[in-house]
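User: I would like to go through the aromatic rings of a protein. Can you take me through them step by step?

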Amino acid sequence: QVQLVESGGGLVQPGGSLRLSCAASGMSFSAYTMAWYRQAPGIARELVARITAGGSTDYVDSVKGRFTISRDNAKNTVYLEMNSLKPEDTAVYYCYAYTIGPWSRRLDYWGQGTQVSVSS
């Protein structure tokens, strides 16, 4: 079955950096758009960044210039490099994968999430 396993979260001081990884298995990784979402307490889950199968990327305005999403299809892994972290970046970060499968059916999967905390 499909699994998305995130890693790399933790506690970091404001201005610091973290790199999140999401290792995928049980799927044709290169065919999927991969994305990172985040959810802070009491706030709806929001899209942070995504990268298409073709490598196009886009970001929520609040992270542009600070976060970079990338993928390594040989390793079935997507990354989120986070720099200049701010306290408002504190959230659980989730990996998300989706594609259009047979009969135009949307196939999508979520990881279990990894906590990122930015605090002094």
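The turns below look at aromatic pairs and at charges over rings in this predicted model.

User: How many aromatic pairs does a search of the whole structure find?
Analyst: Rings count as a pair if their centres lie within 6.5 Å. The search covers the whole structure. The number of aromatic pairs found is six.

User: Is the pair of Y96 and W110 stacked, edge-to-face or tilted?
Analyst: The ring centres of Y96 and W110 are 4.3 Å apart, and their planes meet at 35 degrees. Stacked needs under 30 degrees, and edge-to-face needs over 60. The angle of 35 degrees fits neither, so the pair is tilted.

User: Which strands do Y96 and W110 sit in?
Analyst: This pair links distant parts of the chain, 14 residues apart. Y96 belongs to residues 91–100, and W110 belongs to residues 106–110. The strands are β9 for Y96 and β10 for W110.

User: Is W110 buried, partly exposed or exposed?
Analyst: Its partner Y96 has a relative accessible area of 5%, so Y96 is buried. For W110 the value is 38%. Buried means under 20% and exposed means over 50%. W110 falls in between, so W110 is partly exposed.

User: Which residue lies over the face of W110?
Analyst: An arginine charge sits over a ring if its CZ is within 6 Å of the ring centre and within 35 degrees of the ring normal. Here the distance from the ring centre is 4.6 Å. The residue over the face of W110 is R45.

Note on methods
Residues are numbered from 1 along each chain as its sequence is written. This is a predicted model: local features need pLDDT of at least 70, side-chain atom pairs count only at pLDDT 80 or more; totals for chains, interfaces and linings use all residues. Side-chain values use heavy atoms; hydrogens and water are left out. Buried means under 20% relative accessible area, exposed over 50%, partly exposed in between (1.4 Å probe, protein chains only). Helices (H or I, at least four residues) and strands (E, at least two) are DSSP runs, numbered from the N terminus.
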